[in-house]
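Look over the sequence and the structure below before reading on. The text starts with the whole chain and then turns to two details.

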Amino acid sequence: MATVGQRGQSSPRELTRMGDRISFIYLERCVLHREDNAITAEDANGVTHIPAATIGTLLLGPGTRVTHQAMSLLGDCGAGVVWVGEQGVRFYSGGRSLNRSSSLVEAQAAQWANRRTRLEVAREMYRMRFPGEDPSGFTRHELLGREGRRVKERYRQEAERVGLPWRGRVYVPGDFSASDPLNQAVTAAAQCMYGVAQTTVAALGCSPGLGFIHSGHELAFVLDIADLYKTDIAIPVAFEEAAHGPEDVGSRTRRAIRDRINKVGLLRRCVDDIKHLLLADTAAGSNASDEDVDQVLLQSDHGIELESGRNYADEVPW
């Protein structure tokens, strides 16, 4: 097998688009290595080959070990890698952006830096989460209050639907087992949504820290995006799995979330939603963008962009 140094990086056109990938793969108690352009997962039952370019997010649970070559391949393919466990999700590593253009992150920064447009994006996020309600005149504080009430009501509705008692959301950071099985299912579902949202944000080249509803955290925008699908996907699946019994509720919820988001095409929806929020004048599903064009421009006066790779010293009067 060739070493990492003997292999060239994949070009953007050789990589699977984010919306066409497997949402996430969870692995535990195994050793991850690289064989050609596949990740191998070896455990007591043998070796499983996983094409790296098809992975959206790789969730590594307890007892996993990963080699340097495996991480190099995952980074080259733009796949996200998230270590997960009973203490929740932390995004420790990720691949390069699949988006070769800076248009999305520039649009995000411009929308975020202006108070008026930042509030407009937050209002649009609310519209996407709760159709049928017009938040045009809401302040940020009013948005938060209405969102909180809607989420609490959704918890109550789901508990009534599956026939389980609901005593409120309980989560102790760092101690997964401290809450009841129903809350454990909700936590496990949230972990999966954060991992998928983080990888999509990273793949599109956006800034994870520039949030429109959340603020002050390195993953504020990730939390914003993950919350778009909380009431639609995460909460219903978590309550359904908890209703099936308390045994291994975390793993069962994780598998059910994986199946649900693959069924509804969440990755493609997530990509389109981010584009819709940040590029209001561009069709979210358009393929006419320059996201896979590798170009570098130079900024000049009055917002003018100039061709790079050229020395302008002789053209500037000194």
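Two residues are in contact when heavy atoms of theirs lie within 4.5 Å of each other. In this predicted model, 62% of the contacts with a separation of 6 or more join residues 24 or more positions apart. The protein has nine helices and ten strands. Of its 318 residues, 43% are buried. The protein exposes about 16700 Å², and carbon and sulfur atoms supply 49% of that area.

One detail is a pair of helices. Helix H2 covers residues 103–113 and helix H9 covers residues 266–278. Their axes are 9 Å apart and form an angle of about 50°. Angles that are not under 35 degrees, not over 145 and not from 65 to 115 count as oblique, and H2 and H9 are therefore oblique to each other. The crossing of these two helices, H2 and H9, is left-handed. On the H2 side, the residues that meet H9 are Leu 104, Ala 107, Gln 108 and Gln 111. On the H9 side, they are Lys 275, Leu 277 and Leu 278. Sorted by class, this contact of H2 with H9 has four nonpolar residues, two polar ones and one charged one.

The other detail is a single residue, Ala 38, in strand S3, which spans residues 38–43. Is Ala 38 buried or exposed? A residue counts as buried under 20% relative accessible area; Ala 38 has 13%, so Ala 38 is buried. Leaving aside residues up to four places away in sequence, Ala 38 touches His 33, Ile 50, Pro 51, Ala 52 and Leu 73. From Ala 38 to Thr 54 there are 16 residues in sequence, and the C-alpha to C-alpha distance is 9.6 Å.

Technical notes. Residues numbered from 1 in each chain as written. Predicted model: local features only at pLDDT ≥ 70, side-chain atom pairs only at ≥ 80, totals over all residues. Heavy atoms only, no water. Axes fitted to C-alpha atoms, helices over the stretch in contact; angles between N-to-C directions. Helix = DSSP H or I, 4+ residues; strand = E, 2+ residues; numbered from the N terminus. Left-handed = near helix turned anticlockwise from the far one by under 90°. Nonpolar A, V, L, I, M, F, W, Y, C, P; charged D, E, K, R; others polar. Buried < 20%, exposed > 50% of the residue type's maximum accessible area, 1.4 Å probe, protein only. Areas by Shrake-Rupley, 256 points an atom, 1.4 Å probe, with all protein chains shown as cover.
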